[in-house]
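Student: Could we go through this model together and check each label against its cut-off?
Tutor: Gladly; let's look at it first.

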Amino acid sequence: QVQLQESGPGLVTSSQTFSLTCTVSGGSITSNTYYWTWIRQSPGKGLEYMGAIVWGGTTYYRPSLKSRTTISRDTSKNQFTLQLRSVTPEDTAVYFCARALTSTVEFDSWGQGTQVTVSS
C-alpha cells in the first residue's frame, strides 16, 4: 500500500521561498500509471490543485501559480518536491501531496498534509 508523507517548514516569511518534500513509500514515482501532485487548502477555501509531475519528469502547473512554482523529483529517494517563491500570507494553507491515476485523474492516495503559515 502506497504512503505519502509531506515535510517542510511550518512558518515562512513573506517574499521568501519554501520547499516541501513528499516522500513516497510502497510505490515508485517513476510509475507511468500515476500523476504525483501537490494540492493545498487555504483557510475557509476549497482544495486547490497546484501542479504535478509524471513518470518521465514532465511537469504541469496551475496557470495562476506557474510563475512561482517548481515541482521536481529525486528518483533515488523516491521523493518529489514543491518549491513556491515570493510567498505572501495568501499562500498560508495546508499543503498535501497526492497520487492520481493518469487514466481517470482520480486521486487515490493522499499524504496527511502539512501546515505552512506565511507571516507578513
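Tutor: Let's start with an open sheet of four strands, ordered E1-E3-E8-E7 with antiparallel pairing. This is a predicted model, in which local features need pLDDT of at least 70 and side-chain atom pairs pLDDT 80 or more, while totals for chains, interfaces and linings use all residues. Residues are numbered from 1 along each chain as its sequence is written, and side-chain values use heavy atoms, with hydrogens and water left out.

Student: What makes E1 and E7 stand at the edges?
Tutor: Strand E1 (3-7) and E7 each have a single partner strand, so one side of each lacks a neighbour in the sheet. Strands are DSSP runs of at least two residues, numbered from the N terminus.

Student: How do you know that E7 and E8 pair?
Tutor: Two strands pair if DSSP finds at least two bridges between them. E7 and E8, which run antiparallel, are joined by six bridges, so they meet the definition of a pair. As one example, Asp 74 has Gln 79 in E8 as its bridge partner.

Student: Why is Asn 78 called buried or exposed?
Tutor: Buried means under 20% relative accessible area, exposed over 50%, and partly exposed in between (1.4 Å probe, protein chains only). Asn 78 has 15%, so it is buried. Asn 78 sits in the loop between strand E7 (69-74) and strand E8 (79-84), and has a positive phi of about 55 degrees although it is not a glycine.

Student: And what makes Ser 15 buried or exposed?
Tutor: Ser 15 has 57% relative accessibility, so it counts as exposed. Ser 15 belongs to the loop between strand E2 (11-13) and strand E3 (18-25); its phi is positive too, about 80 degrees, and it is not a glycine either.

Student: Why does Arg 40 count as buried or exposed?
Tutor: Its relative accessibility is 6%, so Arg 40 counts as buried. Arg 40 lies in strand E4 (residues 34-41).

Student: What makes the link between Arg 40 and Glu 48 a polar contact?
Tutor: A polar contact is a pair of N or O atoms within 3.5 Å; within protein, one must be able to donate a hydrogen and the other to accept it, and residues adjacent in sequence count only if both atoms are side-chain atoms. The side chains of Arg 40 and Glu 48 are joined at 2.6 Å, and the side chain of Arg 40 also makes a polar contact of 2.8 Å with that of Asp 91.
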